Amino acid sequence: MIFIGIITKSKKETEIKQALNNLFEKMEIKHTIVLINNKSIENIKNVKFDTIIIDINDLNYSKDAINIISNSERIIINLDYDENLVLIENLELNVITYGMNSKSTFTISSSNPEYALVTLQRCIKDINGKIVEPQEIRIDINKNSKNLYLSMILAIFLLIYGKI
């Protein structure tokens with residue numbers, strides 16, 4: 001079973017959690033997803049996550065938040081928020097970045113109302129340590145969601161769990 005934490009704005013929590021639940025059910029991977037916010041950090045400060053997704057720039061990164069992040073196996077972080085660079089620059093972590101900028105590990109190369117082409121711009125390791133080469137991944141866009149950031153997150157999980 002994998003344990004995933006999500007740090008995002010409250011209005012995006014349900015969308016991200018639901019999309020990840022659907023993806024992991026399709027991949028037949030047992031998982032638990034925990035929403036992390038300033039109110040819940042105290043209750044989960046000793047939890048070790050397999051992956052933490054950081055899709056926010058205004059979380060108060062307390063000592064407990066930094067501990068949770070630094071104890072995780074992998075961090076998936078939105079690099080479009082400059083504040084997130086400060087968070088990860090001094091931590092020795094397995095970091096995968098995503099965003100609409102050319103420096104991100106994952107970015108969007110094109111999109112239309114039906115799908116997005118997500119580009120892996122440099123090699124990453126999957127959960128088994130296998131190198132995944134740069135490539136484009138087509139992600140069908142849910143009719144209810146046009147969130148390109150979510151498309152990148154889904155592509156990341158598909159690649160690191162070897163489902164593409």
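The following exchange concerns salt bridges, burial and contacts in a predicted model.

Biologist: On what basis are residues numbered and features accepted?

Modeller: Residues are numbered from 1 along each chain as its sequence is written. In this predicted model, local features need pLDDT of at least 70 and side-chain atom pairs count only at pLDDT 80 or more, while totals for chains, interfaces and linings use all residues; side-chain values use heavy atoms, with hydrogens and water left out.

Biologist: How many salt bridges are there?

Modeller: A salt bridge is taken as a side-chain nitrogen of Lys or Arg within 4 Å of a carboxyl oxygen of Asp or Glu. By this rule, the count is four.

Biologist: Which parts does the salt bridge of Lys-12 and Asp-55 tie together?

Modeller: The side chains of Lys-12 and Asp-55 meet at 2.5 Å, N to O. Because Lys-12 belongs to helix 1 and Asp-55 to strand 3, the pair ties together parts 43 residues apart in sequence. Helices (H or I, at least four residues) and strands (E, at least two) are DSSP runs numbered from the N terminus. The parts are thus helix 1 (residues 10-27) and strand 3 (residues 51-55).

Biologist: Are Lys-12 and Asp-55 buried or exposed?

Modeller: Buried means under 20% relative accessible area, exposed over 50%, and partly exposed in between (1.4 Å probe, protein chains only). Under this definition, both Lys-12 and Asp-55 are buried.

Biologist: Which residue forms a salt bridge with Glu-73?

Modeller: Glu-73 is partly exposed because its relative accessible area is 44%. In its salt bridge, the closest N and O atoms are 2.9 Å apart, and the partner is Lys-48. The pair links distant parts of the chain, 25 residues apart: Glu-73 lies in the loop between helix 3 (63-70) and strand 4 (74-78), and in the loop between helix 2 (41-44) and strand 3 lies Lys-48.

Biologist: Within what arc do the buried residues of helix 3 fall?

Modeller: The buried residues in helix 3 are Ala-65, Ile-68 and Ile-69. They line one face of the helix, because seen down its axis they fall within an arc (of the directions from the helix axis to the C-beta atoms) of 95°.

Biologist: Which backbone nitrogen lies 2.8 Å from the side chain of Thr-97?

Modeller: Thr-97 lies in strand 5 (residues 95-98) and counts as buried because its relative accessibility is 7%. Its contacts (heavy atoms within 4.5 Å), not counting residues up to four places away in sequence, include Ile-77, Phe-106 and Arg-122. The backbone nitrogen lying 2.8 Å from a polar atom of the Thr-97 side chain is that of Thr-105.

Conventions
Polar contact = N/O pair within 3.5 Å; in protein donor to acceptor, adjacent residues only side chain to side chain.
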